Amino acid sequence: MVVLIDTNIIIDFLAVRKPFYDSAFQVMEKCASGEAEGYIAFHSLPNLWYIFRKIPEETRRLWLEKICKILKVASASQESVLKAIKMDNFTDFEDCLQDRCAEEVSANYIITR
């Protein structure tokens, strides 16, 4: 099974956000064990860097490295980004990019909160 993990799941996992941490941990555990092939969208990485900007830089680097050791990074081609720009069935452009990245890796599911 191939899954694309949304930014919110990563935030819940890294920040140990209750009550969401346990579910996020289970998702990440399945990806780390190989039970699921996990991906993170390329644009989620700078988003996480910004969201955790109050955390020391060294810690943020360790967190992103940890995530990239568990999840592969999914990118989107220029054609996919242009498709995302034209998608009017999503109200959130970031969701459009998540969708395009999921398609690029043939994800069975997008896991979000």
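**Exercise 1. Helix α1**

How many of the eight residues of α1 are buried? Work this out on the structure above, which is a predicted model, and then look at what follows the helix.

*Solution.* Begin with the count: seven of the eight residues of α1 are buried, and the helix is therefore described as mostly covered, given that buried means under 20% relative accessible area. Next, name them: the buried residues are T7, I9, I10, I11, D12, F13 and L14. Finally, step past the end of the helix, where V16, just after α1, takes a positive phi of about 50°.

**Exercise 2. A salt bridge that reaches back to α1**

Find the partner with which the side chain of R113 meets in a salt bridge, and decide for each of the two residues whether it is buried, partly exposed or exposed.

*Solution.* As background, side chains of opposite charge can pair when their charged atoms come close. The partner of R113 is D12, and the distance from N to O in this salt bridge is 2.7 Å. The pair links distant parts of the chain, since R113 stands in the segment after β4 (109–111) while D12 belongs to helix α1 (residues 7–14), and the two are 101 residues apart. For the accessibility, take each residue in turn: D12 has a relative accessibility of 1% and so counts as buried, whereas R113, at 43%, counts as partly exposed.

**Exercise 3. Further salt bridges**

How many salt bridges does the structure hold? Describe the one between K18 and D22 and the one between K30 and E35, and say which residues are joined into one network by shared partners.

*Solution.* The structure holds nine salt bridges. In the first pair to be described, K18 and D22, the closest N and O atoms are 3.9 Å apart, which falls within the 4 Å that a salt bridge allows. K18 counts as exposed because its relative accessibility is 58%, while D22, with a relative accessible area of 46%, is partly exposed. In the second pair, the side chains of K30 and E35 meet at 3.3 Å, N to O. Here K30 is partly exposed, with a relative accessible area of 40%, and E35, at 51% relative accessibility, counts as exposed. As for the network, salt bridges that share partners join D12, R17 and R113.

**Exercise 4. The cavity**

Where does the lining of the largest cavity come from, and how do its residues divide into nonpolar, polar and charged?

*Solution.* A search of the whole structure finds one cavity of 30 Å³ or more, and the space in the largest cavity is about 30 Å³. Its lining is made by L14, L48, W49, F52, R60, W63 and L64. Assigning these residues to elements shows that α3 (44–51) and α4 (57–70) each give two or more residues to the lining, and that the largest share, three residues, comes from α4. Sorting the lining by kind then gives six nonpolar residues, no polar ones and one charged. One of the lining residues, L14, was already met among the buried residues of α1.

**Exercise 5. A nonpolar patch**

Which residues form a nonpolar patch on the surface together with I85, and is I85 itself buried or exposed?

*Solution.* The patch is formed by L82, I85 and F93, which together have about 290 Å² of accessible area. I85 is placed in helix α5 (residues 78–86). Its relative accessibility is 54%, so I85 counts as exposed, the cut-off for that class being over 50%.

Conventions. Residues numbered from 1 in each chain as written. Predicted model: local features only at pLDDT ≥ 70, side-chain atom pairs only at ≥ 80, totals over all residues. Heavy atoms only, no water. 1 Å grid on protein atoms, 1.4 Å probe; cavity = no way out; pocket = protein on both sides within 12 Å on 5 of 7 lines; lining within 4 Å. Points joined across faces, edges and corners; volume = space filled by probe spheres on them. Helix = DSSP H or I, 4+ residues; strand = E, 2+ residues; numbered from the N terminus. Nonpolar A, V, L, I, M, F, W, Y, C, P; charged D, E, K, R; others polar. Buried < 20%, exposed > 50% of the residue type's maximum accessible area, 1.4 Å probe, protein only. Patch = residues over 30% accessible without salt bridge, like charges linked within 9 Å, V, L, I, M, F, W, Y side chains within 5 Å. Areas by Shrake-Rupley, 256 points an atom, 1.4 Å probe, with all protein chains shown as cover.
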